[in-house]
Amino acid sequence: MNATTIDGVVTLDLRVIPTEGGPVLQMLRPDSPMFMSFGELYFSEVEPGAVKAWKRHTRQTQHFAVPVGRMKVVVHDSRPGSPTFGNTEAFLLGRPDHYRLLRIPPLVWYGFSAVSETPALICNCADIPHDPTESERAPKDAPEIPHRW
């Protein structure tokens, strides 16, 4: 696992296993240092240049990987008392050279945009099932988050 500039946000390079007809892309296994628990797995498709931001969860941890296309994922720490309060960091996820897992803990804002010429697909393996009462959204130009798409 690789630490980042935001407490609790980590990355892990993922295996791409060459096979005849196309590779197998690993994401998360129970013996991975990133595995916490299984809540649900879902995909979100993003059109080139489109932005999906900002969101944060109060209890859910996100585990993102981008198996198709490329995405810029930005995280921002606004947690009071966090040792990295105020930090913002951007990650490039996708193939062929940035296939990795990104963990985003609760209360950290995140957003993403497709930076490939074709639609990109992000996969999230969350540690708890989706519960709309435990998340919050902000507009993509939220003044309290110092990142402009």
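In the predicted model, strands β1 and β2 (strands being DSSP runs of E of at least two residues, numbered from the N terminus) form a hairpin with 6 residues between them, and Gly 8 in the turn has a positive phi of about 90°. The model is a prediction in which local features need pLDDT of at least 70 and side-chain atom pairs count only at pLDDT 80 or more, whereas totals for chains, interfaces and linings use all residues. Side-chain values use heavy atoms, with hydrogens and water left out, and residues are numbered from 1 along each chain as its sequence is written.

Strand β1 (residues 2-3) pairs with β2 (residues 10-13) in the antiparallel sense over 2 bridges, pairing requiring that DSSP find at least two bridges between two strands. Thr 11 in β2 is the bridge partner of Asn 2 and also stands opposite Leu 102 in β10; β2 and β10 (residues 100-104) run antiparallel and are joined by 4 bridges.

The largest nonpolar core (buried Ala, Val, Leu, Ile, Met, Phe, Trp, Tyr and Cys residues joined through side-chain atoms within 4.5 Å, buried meaning under 20% relative accessible area with a 1.4 Å probe, protein chains only) comprises 18 residues, of which Phe 64, Met 71, Val 73, Val 75, Leu 102, Ile 104 and Phe 112 touch the most other members. At least two residues of this core are supplied by each of β7, β8, β9, β10, β11 and β12, and β11 gives the most, with 4 residues. A second, separate core of 10 residues includes Leu 12, Met 34, Tyr 99 and Cys 125.

Methods. Buried < 20%, exposed > 50% of the residue type's maximum accessible area, 1.4 Å probe, protein only.
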